[in-house]
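Colleague: Please take a close look at the salt bridges of this model, with attention to where the partners sit and how far they are buried or exposed. I would like one connected account rather than a list.

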Amino acid sequence: MLSVASFTQDDKVLDLGCGYGAVGIYAAKLIGAKNVFMSDSDVKSIEFAGKNIELNGVDGIRIIHSTGFENITEKDFTMILSNPPYHSDFSVPKHFIEKGFNRLRLGGRMYIVTKRKDWYKNKLTTIFGGVKIHEIDSYYVFYSEKRSMQYANKIKK
């Protein structure tokens, strides 16, 4: 995913489901810690992410203990990066994509990496109106951009 994503100094990044923090820490080293938010539902992951932030000298990243977007009050992200759990049903990535769309500013980008293709391709197309897919070492990296303030499949009344 990081080989496909490009960062700018103006980015406001959310590492959604951060695990031990590699993605958010990488982003912070490129664009500055104050523009990076990391979240995970697992307390141990949050603890390890905090330790890794300290070890990598990128203090200032905001870590949020949250199941999906439940405790995330920030919005207007320019980029959301995620490696959602894909070994279970699709309820978690569905939440990440739908709620993530609403937290992106216009022109904001969502990157997701997974081993499954069809469901993600269909869901991202339905919500964003399109998706670019990169296949890298048996993983799929999906990239979608928010080009409208409403879901692509929303019927206008």
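**Salt bridges and their surroundings**

Modeller: K44 has a relative accessibility of 46% and therefore counts as partly exposed, because that class covers the values between 20% and 50%. This is a predicted model, and what follows should be read with that in mind. The side chain of K44 meets that of E47 in a salt bridge, with 3.6 Å from N to O. Both residues belong to helix α2, which spans residues 43–55, and since they are three residues apart there, about one helical turn separates them. An α-helix has 3.6 residues a turn, so residues three or four places apart point the same way. E47 is partly exposed as well, its relative accessible area being 34%. The pair does not stand alone, for K44, E47 and K51 are linked in a network of salt bridges.

A comparable arrangement can be described in helix α3, residues 91–103, where K94 and E98 are four residues apart and are likewise separated by about one helical turn. Their side chains meet in a salt bridge at 3.3 Å, N to O. Here the two partners fall into separate classes of accessibility: K94, at 37%, is partly exposed, whereas E98, with a relative accessible area of 16%, is buried, the limit for that class being under 20%.

Another salt bridge joins the side chains of D11 and R109, with 3.2 Å from N to O. D11 lies in the segment before β1 (13–16) and R109 in strand β5 (residues 104–114), so this pair ties together parts of the chain that are 98 residues apart in sequence. Both D11 and R109 are buried. In the whole structure, the search finds seven salt bridges, the pairs described above being among them.

Two of the elements that carry these residues, α3 and β5, also meet a further helix, since the buried residues of α4 pack against α3, β5 and β7 (139–145). Helix α4 runs over residues 118–128, and its residues Y120, K123, L124, I127 and F128 are buried. Seen down the axis of α4, these buried residues fall within an arc of 105°, so they line one face of the helix. After α4 comes G129, which has a positive phi, near 90°.

Key: Residues numbered from 1 in each chain as written. Predicted model: local features only at pLDDT ≥ 70, side-chain atom pairs only at ≥ 80, totals over all residues. Heavy atoms only, no water. Salt bridge = Lys/Arg side-chain N within 4 Å of Asp/Glu carboxyl O. Buried < 20%, exposed > 50% of the residue type's maximum accessible area, 1.4 Å probe, protein only. Arc of directions from axis to C-beta. Contact = heavy atoms within 4.5 Å.
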